[in-house]
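Visitor: I would like to take a close look at a single part of this structure, and I would be glad of an answer that goes slowly and then places that part in its surroundings.

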Amino acid sequence: MKKFIYILMLFLSTNLFSQSSESLKKVASISARSITPIGIFSENWNIGGALYASYGWIYSEKWSLIFQTGYNRYRLKSASKYSGAPKLSMFPIQVGGRLYFLNGGIKPFFEAMSGINFIRLFYKEGDTLVDERETHINFQIGGGVAFRLNKNWGIEVATIYNSHLINPSIPYNLTGFEYGIGLNWIFD
Amino acid sequence: MKKTILIFLSILLISKSIYAQFLYSSHIDSLMLKFEEVIPDTATVNRFNPQKPLWVPIVEGVGLNLALGGFNFLMGSEFAKIGPSTITHNFERGWATDADGFLVNMFGHPFQGSIYYNLARSSGYNYWISLGVATIGSWQWEFFMENEPPAFNDWITTSYGGSMIGEVFYNLSNLIIDESTVGLERFWRELGAGVFNPGRLFNRLISGRTSRITNEKLYKKEHFMGEVAFGGNNVADGIDFQNGQRNPMLTLDFTYGRLFKTTKTKPFDFFRINSAINFAKQPIIGQLRITNIFVAKTIKYPNNSRFLWGVWGNYDYLENNVYQIGGVSVGLGLGYTTPRNKTIHFLTMLNTGPILMGGANSEYALENNVQFLDSARSYNMGPGAMIKSESILRFSFGSVFLGYYFWWIHTWDGAQGNEFIGMLAPKIRFRIYENWYLGFEYLLYHRQGKYDNLEDRNYRNNEERIFIGFAF
């Protein structure tokens, strides 16, 4: 399964790159986000934090292809079923795209990303330490606004909805909303 | 059923003035013809059909969802009883899979997606942006318009599958629309183009283009060819040639664009449709397969033979009483053709890549309820991979074709395991008079179901077809 996802990513990226011809811009970004779990996931886990780094190509000022990676970590709720200083962290690798609705200094955008989350859940069950590691496909969809500060620098704010795909075996589906701010470097 | 017949009739009847140019074509193949392609001037198109803001097709897609949802609600559909609590629950629950029937999931949803797609395409956007709009439309439907958990399989087939069917419909409607015509002919052209492309018809109606009269060439028309065939098939319940269910059927094979052109390619500059309608004893839609190129590069050799490689897409829907196979895929494609001449011509293609979402029937599927739903599918569903190989040898008197297709589908939700399905399809055609052909086709279908906790299954089935076809 993973191999095919990698192959698909490669095909898509190869395909999209070869379509590039007009007004191509490259953008590198870092962003920090606060994550609010919802649904079953929120029964045990409280607001988390995420740090992302991404690299993308903007085509024709209208849409972009983005590769993104980062680190997510959640805090435990006091009434959680877990004990022993549990930790839940994720390492996402994602690819996706954006549609920009306007040209110019202020660019509202719609964004959809998907990829793989490498998840680690560490907790204590009685006297036993449990270290669960799982891999699931992730999905994000949302929107935001990118502001161009000057020729090379920009910032953006975004609200993103998260969901894992297809009934993960860990007893939560990791649904939630991310709110964040990012700093963009646009290459000449 | 009616809609499908109308699609065929629209293509056959309304575009007759176009394909009439091929009636007296070379007997070897329409590949030899010089069709008067129309590549519109961009400035003229922008003047007559300026691009609308992107929010317009997105809002239109949401409006379509509200209208469809309202209709479903009025018809008493349980899944359409929505409200703030169901929307909230959908966001909290996140993606799942659904238990809709094979026809709905593998054909109905892509058709719905083709409407979103063409709302954007007919607003002046290219394939990729229109795919994005279809993705948004489908996502909004899944999270807001049903009280069942949002189905990830629907989202894939509606958006990507919808873009494939949508772009095919867009190009077919380009062949039919002619804004220089008036009166009844114009009416039938607009209606014919709109029957299978309602998104575009809607935009043409609200923008006044259905009644606009101009001689400007505004819509791309590429070389095309095809064959309509009527005949019968016998689907055996095994590899017995004699015992089986006999069924009259109508098929349409259609090829649009030039596969081995050396100029720059855009998505769907070339595509093929293979379709079949059954009239008795078998599911009505027996087959709808689309193969297209997204991007390709052709190498021309000194002897005029050509080699091609690129990224191809596939939409597959095959169903009869023995098997169901469906899926959308993207992958690498290779092709080779000898120089074209009137006596003999050889062409071969190989196409392989991942299936983003597919389905295949399994007797175990019904025993596995879909999570969070109190129902099951008749087929296993999930991602996988496919390989397609096709070769054709054309003579002045007909052609010999050999195709082999293989699908692997890994179950995401259903009877856990893997489905391996293959289909061998040799076919021979003889020209009997002018553009009329007599053909025979044999299909050997084999399926191996390998399951995690159940007994594995192996099947083989024969299908024979005989038909009379008209090549255009």
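Which residues does A:I66 touch, not counting residues up to four places away in sequence?

Guide: Please keep in mind that this is a predicted model. Once the residues up to four places away in sequence are set aside, A:I66 touches A:S54, A:G56, A:G96, A:G97, A:R98 and A:M113. The residue itself is found in strand β3 of chain A, the strand that covers residues 63–76. Another way to see its setting is through A:Y55, which is 11 residues away from A:I66 along the chain, while the C-alpha atoms of the two are separated by 5.7 Å. As for how enclosed the residue is, A:I66 has 19 other C-beta atoms within 10 Å, and because a residue needs 20 or more to count as buried and 12 or fewer to count as exposed, A:I66 is partly exposed.

The chain around this residue gives some context. Chain A holds one helix and eight strands, and from the N terminus on the helix comes at the start of the order, which runs α-β-β-β-β-β-β-β-β. Of the 188 residues of chain A, 35% count as buried. When contacts with a separation of 6 or more are considered in chain A, residues 24 or more positions apart account for 58% of them. Confidence should be read alongside this picture: chain A averages a pLDDT of 82, and 80% of the residues score at least 70. Over residues 11–22 of chain A, however, the pLDDT is below 50, and this stretch has 14 contacts in the model beyond near neighbours in sequence.

Chain B offers a residue to set beside A:I66, namely B:N320, which lies in the loop between β5 (306–319) and β6 (324–337) of chain B. B:N320 has 22 other C-beta atoms within 10 Å, and because 20 or more are enough for a residue to count as buried, B:N320 is buried. Leaving aside the neighbours within four places in sequence, B:N320 is in contact with B:V235, B:Q282, B:P283 and B:G286. By contrast with those contacts, B:P84 is 236 residues away from B:N320 along the chain, and the C-alpha atoms of these two are separated by 41 Å.

Chain B also contains helices that meet one another. The axes of helix α4 (residues 55–74) of chain B and helix α6 (residues 102–121) of chain B come within 9 Å and cross at roughly 150 degrees. Because of that angle, α4(B) is roughly antiparallel to α6(B), and the crossing in which α4(B) passes α6(B) is right-handed. In this contact B:P57, B:E60, B:G61 and B:L64 of α4(B) meet B:I115, B:Y116, B:L119 and B:A120 of α6(B), and the residues of the contact divide into six nonpolar, one polar and one charged.

Helix α6(B) also meets helix α7 (residues 127–144) of chain B, and the axes of these two come within 8 Å and cross at roughly 135 degrees. That angle makes α6(B) oblique to α7(B), and here too the crossing is right-handed. From α6(B), the residues B:G113, B:Y116, B:Y117, B:L119, B:A120 and B:R121 take part, and they meet B:I129, B:S130, B:L131, B:V133, B:A134, B:G137 and B:S138 in α7(B). Sorted by class, this contact has eight nonpolar, four polar and one charged residues.

Conventions. Residues are numbered from 1 along each chain as its sequence is written. Chains are lettered from A and ligands numbered from 1 in the order in which they are written. This is a predicted model: local features need pLDDT of at least 70, side-chain atom pairs count only at pLDDT 80 or more; totals for chains, interfaces and linings use all residues. Axes are lines fitted to C-alpha atoms, for helices over the stretch in contact, and angles run from 0 to 180 degrees between N-to-C directions. Helices (H or I, at least four residues) and strands (E, at least two) are DSSP runs, numbered from the N terminus. Angles under 35 degrees count as roughly parallel, over 145 as roughly antiparallel, 65 to 115 as roughly perpendicular and the rest as oblique. A crossing is left-handed if the near helix is turned anticlockwise from the far one by less than a right angle, and right-handed if clockwise. Two residues are in contact if their C-beta atoms, placed from the backbone, lie within 7 Å. Ala, Val, Leu, Ile, Met, Phe, Trp, Tyr, Cys and Pro count as nonpolar, Asp, Glu, Lys and Arg as charged, and the others, Gly among them, as polar. pLDDT is the predictor's confidence in each residue, from 0 to 100.
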